[in-house]
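The exercises below are meant to be worked with the coordinates open in a viewer. Each task sentence is followed by a solution that goes step by step.

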Amino acid sequence: MYAIVAGGGKVGANVARSLLRLGNEVTLVEQERDRFERLEDEFEHQVQRGDATELHVLERAGIGRPPDIVLALTGDDEDNLVIAQLAREKYGVEQVIARVNDPRNQAHFDLLGISPTVCATSSIMALVEHEVPEHDLIHLLELRKENLEIVEVAIDRDSPSAGKRVEALELPDGARLISVMRSGRAEIAVGSTQLEAGDQVLAILEPGKEDELRRVLLRR
Amino acid sequence: MNALIIGCGRVGSSIALQLQREGWDVTVVDENEDALARLGDHWPGAFIVGHGMDVDLLREAGIEEADAVVAATDGDNTNIVIAQVAQKRFDIGCVVARVLDPARADFYTTRGLRTVCPTKTAIDTLMEAVRSCAPTNVARVTL
């Protein structure tokens with residue numbers, strides 16, 4: 001396949017290198033002179049110098065073909081947003097992946113329909129939360145397109161749900177239990193599943209239902 | 001009428017001062033505290049230090065009550081993103097973005113964004129000036 005990678009920093013250069021190693025055709029675009037010259041030693045004609053938010057730079061990189069995928073991986077979120085919009089809406093590129101540098105800008109990418117996005121900070125924070133839970137409700141996965149999220153809840157002895165069957169719980173609308181993990185084994189949660197202290201419960205819910213779910217399962 | 005101006009450079013500050021004189025309530029946002037100096041010694045409006053991509057800051061700056069938003073930072077892409085956020089997230093009817101690159105200005109104009117491209121204005125004005133010097137317009141004096 002043919003890929004254009006915008007941004008030749010650590011992320012962009014490593015992605016370009018990996019794509020090339022897999023036998024793909026790649027054009028890497030880097031704006032800064034020093035960085036471009038260093039990249040040129042390795043990537044030769046496969047790196048071009050320019051601002052990838054400028055149409056003539058994208059066109060020189062072959063965006064008109066169009067490429068199978070464009071990766072907007074610069075260190076500037078506004079640049080990545082514009083590259084993604086231009087690629088998709090002006091040149092009809094079907095697959096666009098954008099990097100989010102500042103997680104606070106995620107909402108802008110969502111608002112403008114740029115998806116999928118990758119944010120290192122958010123991924124690391126999700127891992128931290130999973131490995132060192134600070135909260136009783138751990139966010140495992142955000143299904144952005146579906147507007148749903150999957151969370152993990154640990155049931156303890158004081159939880160009002162301990163000893164209750166799933167069907168007896170007054171779960172809020174927009175929240176369902178998926179599975180119950182007990183002594184290393186997971187089972188799909190059905191109406192007759194009885195929760196016990198020590199269970200790890202997975203739930204799927206609409207964002208904003210966390211507090212209600214917490215109240216039903218943990219009374220907190 | 002409330003106006004929110006993002007970016008207090010030469011352009012942003014001049015617009016802010018002029019709107020204020022015309023009776024608007026103006027709030028100005030700039031990343032750099034020193035930019036306040038461009039608004040003179042007695043700026044009666046609000047001035048908030050921060051980045052215009054920050055939604056909390058935009059709220060603090062009163063974007064929800066704004067009748068007009070002007071994105072006039074020195075970054076084309078920053079202006080393009082802020083203007084789209086103002087338009088789509090906050091539903092502001094009057095949003096104008098300064099975009100120096102004519103190609104990007106054209107593209108976003110076709111997508112329904114109101115852009116102002118000083119580069120294009122300069123090109124047009126200069127072309128007009130040069131054309132007016134062309135031989136047909138120059139009075140020939142024969143001695």
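Two strands pair if DSSP finds at least two bridges between them, and the elements themselves are DSSP runs numbered from the N terminus, namely helices (H or I, at least four residues) and strands (E, at least two). The model is predicted, with local features needing pLDDT of at least 70 and side-chain atom pairs counted only at pLDDT 80 or more, whereas totals for chains, interfaces and linings use all residues. Residues are numbered from 1 along each chain as its sequence is written, and chains are lettered from A and ligands numbered from 1 in the order in which they are written.

**Exercise 1. Establish the strand order of the parallel sheet in chain A, and determine which strands stand at its edges.**

Step 1: begin with β1 (residues 2-6) of chain A, which is joined to β2 (residues 25-30) of chain A by 5 bridges in the parallel sense; within this pair, Val5(A) stands opposite Leu28(A).
Step 2: continue with β4 (residues 69-72) and β5 (residues 95-99) of chain A, which run parallel and share 4 bridges, Val70(A) having Val96(A) as its bridge partner.
Step 3: the complete open sheet of 6 strands then reads β3-β2-β1-β4-β5-β6 in chain A. Because β3 (47-49) and β6 (117-118) of chain A each have a single partner strand, they stand at the edges, and one side of each is left without a neighbour in the sheet.

**Exercise 2. Describe how helices α1 and α4 of chain A are placed against the sheet strands.**

Step 1: fix the conventions, in which residues are in contact if their C-beta atoms, placed from the backbone, lie within 7 Å, and axes are lines fitted to C-alpha atoms (for helices over the stretch in contact), with angles from 0 to 180 degrees between N-to-C directions.
Step 2: α1 (residues 10-21) of chain A packs on the sheet, where it touches β1, β2, β4 and β5 of chain A, and its direction makes about 165° with that of β2(A).
Step 3: α4 (residues 77-90) of chain A lies across β1, β4 and β5 of chain A and runs at about 175° to β5(A).

**Exercise 3. Which residues touch the most other members of the largest nonpolar core?**

Step 1: a residue is buried if 20 or more other C-beta atoms lie within 10 Å of its own, exposed if 12 or fewer, and partly exposed in between; a nonpolar core is a set of buried Ala, Val, Leu, Ile, Met, Phe, Trp, Tyr and Cys residues joined through C-beta atoms within 7 Å.
Step 2: in the largest core, which has 68 residues, those with the most contacts to other members are Val5(A), Ala6(A), Leu28(A), Ala72(A), Ile83(A) and Ile5(B).
Step 3: leaving aside residues up to four places away in sequence, Ile83(A) touches Ala6(A), Ala52(A), Thr53(A), Val70(A) and Ala72(A). Another core, of 12 residues, lies apart from the largest one and has among its members Val153(A), Leu202(A), Ala203(A) and Leu213(A).

**Exercise 4. Work out the antiparallel pairings of β11 in chain A with β8 and β9.**

Step 1: β8 (residues 148-154) and β11 (residues 200-205) of chain A pair in the antiparallel sense over 6 bridges, with Val153(A) opposite Val201(A).
Step 2: β9 (residues 175-182) of chain A is likewise joined to β11(A) by 6 bridges and runs antiparallel to β11(A), the bridge partner of Ala175(A) being Leu205(A).

**Exercise 5. Characterise the side of chain B that touches chain A.**

Step 1: the contact takes 17 residues from chain B and 16 residues from chain A.
Step 2: on the chain B side, α3 and α4 (102-110) are the elements that give two or more residues, and α3(B) gives the most, with 8 residues.
Step 3: this side of chain B divides into 7 nonpolar, 4 polar and 6 charged residues, where Ala, Val, Leu, Ile, Met, Phe, Trp, Tyr, Cys and Pro count as nonpolar, Asp, Glu, Lys and Arg as charged, and the others, Gly among them, as polar.

**Exercise 6. Is Glu44(A) buried or exposed, and where does it lie?**

Step 1: Glu44(A) is placed in the loop between α2 (33-43) and β3 of chain A, and its phi is near 50°, a positive value in a residue other than glycine.
Step 2: Glu44(A) has 8 other C-beta atoms within 10 Å and is therefore exposed.

Technical notes. Two residues are in contact if their C-beta atoms, placed from the backbone, lie within 7 Å.
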